[in-house]
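Got your viewer open and a selection box ready? Load the model below and follow along, one stop at a time.

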There are 2 protein chains.
Amino acid sequence: MPNIKDVAKKAGVGIATVSRVINDSGYVKKETREKIEKVIKEISYVPNEIARSMTRQRNDIVAFILPNSTHLFFGELLYFVEEELYKYGYKVMICNSSEKIEKEIVYLDMLKNNRVDAVILLTNNDIDQYLDKKLPLLSFDRRFDGVPFVASDNYEGGVLAAKRLIEQGCKKMMFIGDDAQGDSTPVMTEVTKRRLGFLDYIKEKGYPEMINIEYPLGDYIHIPENIHKIINEHPEIDGIFTISDAVACDVIKELENNGRRVPEDVKVIGFDGGRSFLNLGKKITSIGQSPKLIAEAIRRSIINFYKKEEIENQIIPVYFQEGETA
Amino acid sequence: MPNIKDVAKKAGVGIATVSRVINDSGYVKKETREKIEKVIKEISYVPNEIARSMTRQRNDIVAFILPNSTHLFFGELLYFVEEELYKYGYKVMICNSSEKIEKEIVYLDMLKNNRVDAVILLTNNDIDQYLDKKLPLLSFDRRFDGVPFVASDNYEGGVLAAKRLIEQGCKKMMFIGDDAQGDSTPVMTEVTKRRLGFLDYIKEKGYPEMINIEYPLGDYIHIPENIHKIINEHPEIDGIFTISDAVACDVIKELENNGRRVPEDVKVIGFDGGRSFLNLGKKITSIGQSPKLIAEAIRRSIINFYKKEEIENQIIPVYFQEGETA
DNA sequence: TTGTAAGCGTTATCAC
DNA sequence: GTGATAACGCTTACAA
């Protein structure tokens, strides 16, 4: 592959002048510029971005560490993050952790070697001690000391769900979510606030009998078998709020398999927006979070890393999504 | 950030020796190695991968150009591709094209600048003329002259669908798919073979009355309104094979909205495997393709680029996925 | 075993 | 306006 020297030689100029033309920086006489441009075309020269990164000491790559791209919400978030950053000249490296802390650690290391311009971190793992806080790190739905974050307004989401269930006449509520947001781990994510908002509002309105179910975090999609049992042991429950649409789906199937109608007997609200491109049944009533707004916020923070401005945490609004299960 | 010189100076050795330690190459006396390792820890030196790419003339980055990561099948494929390549030390750059050829072209250019080690291309666009065939390019479900490819056994998928519908007693068949695989574009993708396999088998078995519907490629999820009309104009049809599960879902809803029961009155088979993590209704009967097997094949081809071996095209088996709609 | 020095392909700083 | 030349941080002959 031809390099800048080849261009310079063939055009009979110095490499500095070629560089000026490529980057459109500094003064270059019109004829010189044209000659150089011609040569570039002729030998189909393409500037080597690696060498460029070398001198500029940055490479316009942002890495996104997330559990996977198969869960719809993650896939959407990834999509919009890429779209946003693309507009600003960044490329996105995808780092699936499969929820495994080991893989997150390896990636964090690797990314340090690669001198990526920023790392977006989406995880439920107890990874604080492995974070190099001097790096341009941004987290989503999670607080780490010294790391700026973007999060959905999870608390408000919980409140919205509670309001809806109460409006619909529910008396005995249940919350179902994984314990990555619970008291049993050192991890405290912003997602916990879905439960808190829900709980607070229900208490405030005088419905004290809430049943709170937490289970070990698995694949984000299925809930453990024993949780099904607990659900069935509580026929008095008439309103359920779940940590995600995936869990809501699982719960609704379990209820219906056991002869309880949704929403007639039990109302169920999920979280994420109730979207699915492949659903032949009823639409889940849900609290929606907007991957597009979140991606814009993430992009804003990342751009600010390079403006050396103070990076402010950002809370993104959620909304109530009408459906057929509550 | 400290560099290799800092390490060398502090350890009182030459930079070549440090390099040998880092890369575990060549002979280094045990004590020297230990001293160097100690210094590396002390000043928390991290080798600069950009500089490394510079001399090695490769960067272990593979780019994946695909329409999006929100369509479940794409999200899954992306996930497994990343997983496979990660095992072999590659990082994956995600390039969402949103099906737009302009964005594909920009990415193709950008990737040339970035000297990525390989580009995986998944597209339905007429982009042949923009491909630099000298680059390490690999395509999925699509043939380009001079570009190796990996594809699902789409033809066999069509045959499997036809067999099933015939077994289930269907007499009048219909195929519904976008025209990116049709005769109206210069593009001929491997996906066309879903239709061909279906058609051939049905003809072979003496069911000549197949209705073939093609529509302009949109978002991979919804079909145009006028197609709904066509479906309803054919009450005699009792077996439908669609280009994807997403289309099958759309079609089934349309049929049911118009009082035709699935699978009692009309049987419908989709393509992709009928997976969905959020489905409260019946499961779609489908022809499955395995993103994991495909990802492995892709990884194999990419590794071979660097073994300078002949890259063979690979056809990946599909399977019949039992469901409730056929 | 180890160190020196020549690349790798740019950008940026100076002179001219 | 333009051209040498010194970085940037590493790998790898080649010499010692």
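Select Ser19(B) together with DNA strand D: a polar side-chain atom of this serine sits 2.7 Å from a phosphate oxygen of the strand. That makes it a polar contact, meaning a pair of N or O atoms within 3.5 Å; within protein, one atom must be able to donate a hydrogen and the other to accept it, and residues adjacent in sequence count only if both atoms are side-chain atoms. Before you click further, note that this is a predicted model, where local features need pLDDT of at least 70, side-chain atom pairs count only at pLDDT 80 or more, and totals for chains, interfaces and linings use all residues. Residues are numbered from 1 along each chain as its sequence is written, chains are lettered from A and ligands numbered from 1 in the order in which they are written, and side-chain values use heavy atoms, with hydrogens and water left out.

Stay on strand D and add Thr17(A), which has a polar side-chain atom 2.5 Å from a phosphate oxygen. Then pick Arg52(B), where a side-chain N or O atom is 2.8 Å from a phosphate oxygen of strand D. Which elements give two or more residues to the surface near this strand? They are helix H2 (15-23) and helix H4 (49-56) of chain A, plus helix H2 (15-23) and helix H4 (49-56) of chain B. Helices here are DSSP runs (H or I, at least four residues), as strands are (E, at least two), numbered from the N terminus.

Now show everything around strand D: there are 27 residues, and Thr17(A), Arg20(A), Lys29(A), Ile4(B) and Tyr45(B) come nearest. A residue is near a strand or molecule if one of its heavy atoms lies within 4 Å of it. Of the strand D atoms within 4 Å of the protein, 61% belong to sugar or phosphate and the rest to bases.

Next, switch to DNA strand C. Go to Arg20(B), where an N or O atom of the side chain is 2.4 Å from a base oxygen. For a backbone contact, select Ile4(A): one of its polar backbone atoms is 2.7 Å from a phosphate oxygen of strand C. Around strand C you'll find 28 residues, with Thr17(B), Arg20(B), Lys29(B), Thr32(B) and Thr55(B) coming nearest. Sugar or phosphate accounts for 55% of the strand C atoms within 4 Å of the protein, and bases for the rest.

Zoom out and color by chain. A rotation of 180° with 0.1 Å of shift along its axis puts chain B on chain A, with an RMSD of 0.1 Å; that is the relation of a two-fold axis. The fit is by least squares on the C-alpha atoms of residues with pLDDT of at least 70 in both copies. To find the axis from chain B, center on Gly281(B), whose C-alpha is the nearest to it at 1.8 Å.

Select H11 (residues 291-307) of chain A next. Its 17 residues reach 24 Å from first C-alpha to last, close to the 24 Å expected at 1.5 Å a residue (the span is 1.5 Å times one less than the number of residues). Of those 17 residues, 12 are buried, so the helix is largely enclosed by the rest of the structure; among them are Ile294(A), Ile298(A) and Phe305(A). Buried means under 20% relative accessible area, exposed over 50%, and partly exposed in between, using a 1.4 Å probe on protein chains only. Just past the helix, Lys308(A) takes a positive phi of about 55°.

Last stop: Cys95(A), which is buried with a relative accessible area of 0%. There are 0 disulfides over all chains, a disulfide being a pair of cysteine sulfur atoms within 2.5 Å. The sulfur of Cys95(B) is 14 Å from the closest cysteine sulfur, in Cys95(A), too far for a bond.
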